[in-house]
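Here is a short tour of some backbone details worth a look before you set up any calculation. Have the viewer open and follow along.

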Amino acid sequence: MRYYDAHLHLQDTRLAPHRSRLLEGLRASGVERLVTNGTHPDDWDAVAELAAAHPGWIWPAYGVHPWRVGQEPAGWEAPLRARLEADPRASVGEIGLDKWIEGHDLERQQQVFRRQLEIACEFARPVTIHCLHAWGPLLETLQAFGELPPGVLLHSPGASAEVVRQLAEMGCYFSVSGYFGDMRKKKYREALAAFPLDRLLIETDAPDMLGPDACCAEQISDEAGQPLNSPLNLPQIYAMVAEARGLRLKALALQVEENFSRWIGMY
Ligand SMILES: [Zn+2]
């Protein structure tokens, strides 16, 4: 079986004590590609180092996460352009809108988000979008933007079936995290059923988004003993999605491989 993790943060410093064991485990379990997403210029070096150490296996994404908006240094666009220029595999992420986080400044988030969409278009690169409690503003921003970058991925989107339908019409992709394994959460259950099969991707978002034990059995902790999600949970998330969508695991894995390739390309 070949697995693809469409979204995670391997560069996260909380994973440092575990990283070499995790990378070995990921190779051994058949993980073919991992898209590791930056969150702010201060972690882009670490993303680039991982991608350079594992060319063609770990793919880099560079972006300013909505939680870090307000902390971006002046002129952050130039280093983003330089990263994209330097690596044809690099995409733009994690970017987006978030009205859930305390003290958010939606207007500023929208400015930074739009700038990053423009830069992605300039370089014809895919993007990975985070959206929490901001589906209305996200749809408005994307609709008003004009021609979108090639390959727009909504990561772990707990959106209504209607929002999923509208995003799918715009050509978006959707990646399912371990959170969707919590079937008590109606919004995740409904969203999982609504994703078009030919736009479906799978992710761990490790070290974040630790889902229920049924699909996130492998747990690790940070230095303070706080539980973290492990990227080794990827095959379990595939199994959860296969069951929820009534597919054989092998058929799902082949479909996700095809979708991944269409979303971000293969080298
Ligand atoms: Zn993420």
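## Two cis peptide bonds

Please keep in mind that this model is predicted. Let's begin with the peptide bond between G93 and E94: this bond is cis, and its omega is about 10°. E94 belongs to strand β4, which covers residues 91–98.

Another cis bond runs from A206 to P207, where omega is near 10°. Here the setting is a loop: P207 sits between β8 (200–202) and β9 (219–221).

## Positive phi in the β8–β9 loop

Stay in that loop for the next stop. Which value does phi take at D205? The angle is near 60°, which is positive although D205 is not a glycine. D205 is placed in the loop between β8 and β9, and the A206 to P207 cis bond leads to P207 in that loop.

M209 shows a positive phi too, near 55°, and this residue is likewise something other than glycine. M209 is also found in the loop between β8 and β9.

## Burial of the two loop residues

Are D205 and M209 buried or exposed? D205 has 25 C-beta neighbours inside 10 Å, so D205 counts as buried.

For M209 the number of C-beta neighbours inside 10 Å is 20. Buried status calls for 20 or more, and therefore M209 counts as buried as well.

Technical notes
Residues are numbered from 1 along each chain as its sequence is written. This is a predicted model: local features need pLDDT of at least 70, side-chain atom pairs count only at pLDDT 80 or more; totals for chains, interfaces and linings use all residues. Helices (H or I, at least four residues) and strands (E, at least two) are DSSP runs, numbered from the N terminus. A residue is buried if 20 or more other C-beta atoms lie within 10 Å of its own, exposed if 12 or fewer, and partly exposed in between; C-beta atoms are placed from the backbone.
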